[in-house]
Amino acid sequence: MCLGMNTTLAQKDNVLQAKGEETAAAGGTVTLHCLYNTSSSNHYLYWYKQDGNNSPKFILSRFKVGEGKTEAGDRFSSTLDSSIRSVPLKIQKLQLSDSAVYYCALQPTVTGNTKTLYKNLWSKDNRKLHNIH
């Protein structure tokens, strides 16, 4: 299966996903890495999944203070480590439907307006860095 990751950049705040793609077997586990830089004292990190030509779908969020929320089920998890500025996404019990492009996003981001979010993710400053198969 193929999973992908993209980068979202916003002024001085940015996220970085270093690899282009990850390959894993069905039933296995994969971790998608994301490093971030921000001048904010309260970090808000988000993961999204884009399936084909559909708009990105919210998976989970993690905050420097608090737990954030998860909408994708127990197979998806993440821990925010502000000491090394890392917020990896772990996907367990991989399924074929997990093959997609995954976005790591740093505040500010739009969670209630899909059209705006889609526009922001694909702005000219973004660089596609990750695909997972």
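**Exercise 1. Contacts along the chain.** Work out what share of the contacts between residues at least 6 apart in sequence join residues at least 24 apart.

*Solution.* Begin with the contacts in the protein chain between residues at least 6 apart in sequence, and then ask which of these join residues at least 24 apart; in this predicted model, the share is 62%. Next, set beside this the order of the elements, for the chain has one helix and twelve strands, and read along the sequence they follow the pattern β-β-β-β-β-β-β-β-β-β-β-α-β.

**Exercise 2. Inside and outside.** Find how much of the protein chain is buried, and what its exposed surface consists of.

*Solution.* Take the residues to begin with: of the 133 residues in the protein chain, 40% are buried, where buried means under 20% relative accessible area. Then turn to the surface, of which the chain exposes about 7,400 Å², with carbon and sulfur atoms supplying 48% of that area.

**Exercise 3. The nonpolar cores.** Identify the residues that touch the most other members of the largest nonpolar core, and the strands that each supply at least two of its residues.

*Solution.* The largest nonpolar core holds 20 residues, and those touching the most other members are Leu45, Trp47, Val87, Leu89, Ile91 and Tyr102. At least two residues of this core come from each of strand 5 (30-32), strand 7 (44-50), strand 8 (57-63), strand 10 (89-91) and strand 11 (100-106), and strand 11 gives the most, with four residues. A second core, separate from this one, has six residues, among them Phe58, Val101, Tyr103 and Ala105. As background, nonpolar side chains in soluble globular proteins tend to be buried together.

Now follow one member of the largest core, Val87. Once its neighbours within four places in sequence are left aside, Val87 is in contact with Cys34, Tyr36, Leu45, Trp47, Arg62, Ser78, Thr79, Leu80 and Cys104.

**Exercise 4. Two positive phi values.** For Arg85 and Lys93, state where each residue lies, what its phi is, and whether it is buried, partly exposed or exposed.

*Solution.* Start with Arg85, which is placed in the loop between strand 9 (76-78) and strand 10; its phi is near 55°, a positive value in a residue other than glycine. The relative accessible area of Arg85 is 43%, so this residue counts as partly exposed.

Lys93 is treated in the same manner: it sits in the loop between strand 10 and strand 11, and its phi, near 50°, is again positive in a residue other than glycine. Because its relative accessible area is 61%, Lys93 is classed as exposed, the cut-off for that class being over 50%.

Key. Residues numbered from 1 in each chain as written. Predicted model: local features only at pLDDT ≥ 70, side-chain atom pairs only at ≥ 80, totals over all residues. Heavy atoms only, no water. Core = buried A, V, L, I, M, F, W, Y, C linked by side-chain atoms within 4.5 Å. Buried < 20%, exposed > 50% of the residue type's maximum accessible area, 1.4 Å probe, protein only. Contact = heavy atoms within 4.5 Å. Areas by Shrake-Rupley, 256 points an atom, 1.4 Å probe, with all protein chains shown as cover.
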